[in-house]
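Subject: Structure handover

Hi,

Here is the structure I promised to pass on. Have a look at it first, and then read my notes below.

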Amino acid sequence: MTETIAALDRLDALRSALEGVALPLEVAGADAARDARRAAVRQVDDYIRPRLSHLDAPLLAVVGGSTGAGKSTLVNALVGHPVTRTGVIRPTTRQPILLHSPADAAWFASTRILPGLARITGVVREAPAHEAGDDPDAALVGSVVLVADERVPRDLAILDAPDVDSIADENRRLAAQLLAAADLWLFSTTANRYADAVPWGLLDDAAARDITVGVVLNRVPPGAEAEIEADLRQMLGMRGLGSAPVFVVPESPLDAQGMLPEAAIAPIRRWLQGIAGDRAERARIAGRTLAGAVDRLGVTARAIADARDEQLVVARDLRDSVRTSYDDAAERVGDATRDGVLLRGEVLARWQDFVGTSDVFRTVESWYSRARDRVVAWFEGRPAPAVEVEHEIESGLHAVMVDQAGRAASDAWSRVRQSAVGRQLTSGADLAHPSPDLSERASRLVRDWQQGLIELITEQAAGKRTKARVMSLGLNVITVALMVVVFGSTGGLTGAELAIAGGSAVVGQKLLETIFGEDAVRRLAAQARDDLEVRVRALMADEAARWDALLEPVEQGTTADALRDSAAELAVAMRRVGRAPAPDAAGTSHEVQRSDFVEGEALPDDDVEAPLEGEADEVRELEARRGRWAPLEERPGGTEGDS
């Protein structure tokens, strides 16, 4: 029991992992992966968890097949009277009909299996097969009709499923769901349709899941039985279903009630009787189907993990494209601050007017005195410049950042939308233009950077003499000089380099060297440039982050590795369940094989408790008997004409 509880925990973990997988991008194979994920989660709920929780519960045999394969007629014949509607108008079966023994009512009235389907209690009425059951109702396709019938044996229920190739999409989906919830299949086909592709697709799935299948070859013309059966068996063998029993039902006239002759379906009934009446065989079938379903679940989980990886690869490529656009924009802003572009025009004119450029190399001290006088006169308004240098630099830097962010937005939008996935991702979005508040944030960046320069200069002016020189000129003057050096220097801070026309950067550099010294100026300029580049890249990163709202839903959720790990952990837990000792009918323990999962604490047939709490009023008083169909002539009062 401990092993089963551990396996259930691992199963729940895998189910959660599957539900958490994000597959929103329309990449190749995404539709199939999403369908597989939904089907896997549904099968966990419909079959794997219920069966693992109650390994001794009655088996569910689903009768499936193509349109017109005679499924409903077959079900009616197995029960012995019309319970499900037959006819030529398709589809005749919309609500699946689940026939069970009254003693097994509690197992199927609850949502133990197929929890997503509502329960409707059906009533058997005296009517021919073409009027049996309720009228097909498309509004009730998400429900299952429960019919309790004494002629159905204990421990094996029969479910008449919709056509697997129905013209109605919801019917096809429901048929696939029901087949996935079955312990065994009774698959019906006809002599002229047994080679159709749709049935074989499902039979291939059955082989992959290792589910027990009985194949009914219906409406076989007299004299063709041997030839057609041989061909069908050969096809089954090639698909890994060579051990599946084949039941040939010859073309036969129906009686007034629309029923097949008793002899036509006797072999099928005996096969089902043998399963229903043999506890060990039921356990073998349940264990085999459960193990196959879990194995297939692991395969599906790993395939979905691969699809998840593909989604992440595409999302990362898109994110890289966006980041590249904005990284390039930040680099272009950096280039503009290094090549003197920001010191052209009015900025250069006002700077030259500010400090002058003649005789600047005569002596450092004489130059400093003259520069100081010019600076003081300028700040006293003699003469007042037309445009302050600081303001011009700020405006130029702001304009460059806004322009490059706009180019990056347009470039990123264009790159992403080159692919169909990118167009799907950006549907309804508008990221081709920069943020509305970009200009304001760029202005704030410049102001913050300038404040950072002031703090750098203040920290550097620690000595009394240096502090006195800074105070004599003013922090703003030193800050402007440092900005000119930053924007006018390209490869270092040697006096031999002239970054822009007129030697403006050299003048600013010499002014700063007079105050701080050559090494200190080099460090100040490097720090100032690094600080600006960090701020510009942060601004561009913030602009690129607008794409997060589109890309994060793809990147969030269960990782592919987590999904693979959950599948592997479930497989290990299931192997432990398979090794757990289980009592046999005599009460002795034996090792449970992969094809013979029996819960270690399962009760013998003559002492089974209620399957679920809260259902005591519905739970059967289990009798120590073997549930099986008796031939009609052996039933009390039964005759061939009974309905």
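What follows is a walk through the sheet, the helices around it and a few single residues.

One thing before the details: this is a predicted model.

**The sheet**

I'd start with the open sheet of 8 strands, which has mixed pairing and runs in the order β3-β4-β2-β5-β1-β6-β7-β8. The edges are β3 (118–121) and β8 (246–250); each has a single partner strand, so one side of each is left without a neighbour in the sheet. If you ignore direction, neighbouring strands are turned by 25° against each other on average. Helix α8 packs on this sheet and touches β1, β5, β6, β7 and β8, with its direction making about 170° with that of β6.

At the β3 edge, the partner is β4 (residues 143–148), and the two pair in the parallel sense over 4 bridges. To find the spot on screen, look for A118, which stands opposite S143 in β4.

β2 is a good strand to click through residue by residue. Its pairing with β4 is parallel, over 4 bridges, while β2 and β5 run antiparallel and are joined by 3 bridges. I97 takes part on both sides: V145 stands opposite I97 in β4, and D160 is the bridge partner of I97 in β5. Both faces of β2 are covered, too: I97 and L99 are buried on one side, and L98 and H100 are buried on the other.

**A helix on the inside**

How many of the residues of helix α3 are buried? It turns out to be 9 of the 9 in α3 (residues 71–79), so this helix is largely enclosed by the rest of the structure. The list is not just greasy side chains by name: K71, S72, T73 and N76 are among the buried residues, and so are L74, V75, A77, L78 and V79. The cover over them includes the strands β1 (59–65), β2 (97–100), β5 (156–160), β6 (184–190) and β7 (212–220), along with helix α8 (262–276). Right after α3 comes G80, with a positive phi near 105°.

**Two partners of α9**

Helix α9 (residues 279–338) has contacts with α1 and with α6 that are worth viewing one after the other.

Take α1 (residues 2–19) first. The axes of α1 and α9 come within 11 Å and cross at roughly 30°. The two helices are therefore roughly parallel to each other, and their crossing is left-handed. On the α1 side you'll find L11, L14 and L18, which meet L297, A301 and I304 in α9. By class, that contact has 6 nonpolar residues, no polar ones and no charged ones.

Now α6 (residues 197–209). Its axis and that of α9 come within 8 Å and cross at roughly 100°, which makes α6 roughly perpendicular to α9. D205, A208 and R209 of α6 make the contact with R288, T289, G292, A293 and R296 of α9. Sorted by class, the contact of α6 with α9 has 2 nonpolar, 2 polar and 4 charged residues.

**Single residues to look at**

Two residues other than glycine have a positive phi that I noted down. D155 has phi near 70° and sits in the loop between β4 and β5. D155 is buried, with a relative accessible area of 6%. R219 has phi near 55° and lies in strand β7. With a relative accessible area of 34%, R219 is partly exposed.

The last one is T337, back in helix α9. Is T337 buried or exposed? Its relative accessible area is 3%, so T337 is buried. Also, the C-alpha atoms of T337 and V484 are separated by 9.7 Å, although the two residues are 147 residues apart along the chain.

If you open the file with one view in mind, I'd pick β2, with I97 bridging to D160 in β5 and standing opposite V145 in β4. After that, turn to α3, where 9 of the 9 residues are buried.

Cheers

Terms used: Residues numbered from 1 in each chain as written. Predicted model: local features only at pLDDT ≥ 70, side-chain atom pairs only at ≥ 80, totals over all residues. Heavy atoms only, no water. Axes fitted to C-alpha atoms, helices over the stretch in contact; angles between N-to-C directions. Parallel < 35°, antiparallel > 145°, perpendicular 65-115°, else oblique. Left-handed = near helix turned anticlockwise from the far one by under 90°. Contact = heavy atoms within 4.5 Å. Nonpolar A, V, L, I, M, F, W, Y, C, P; charged D, E, K, R; others polar. Buried < 20%, exposed > 50% of the residue type's maximum accessible area, 1.4 Å probe, protein only. Pairing = 2+ DSSP bridges.
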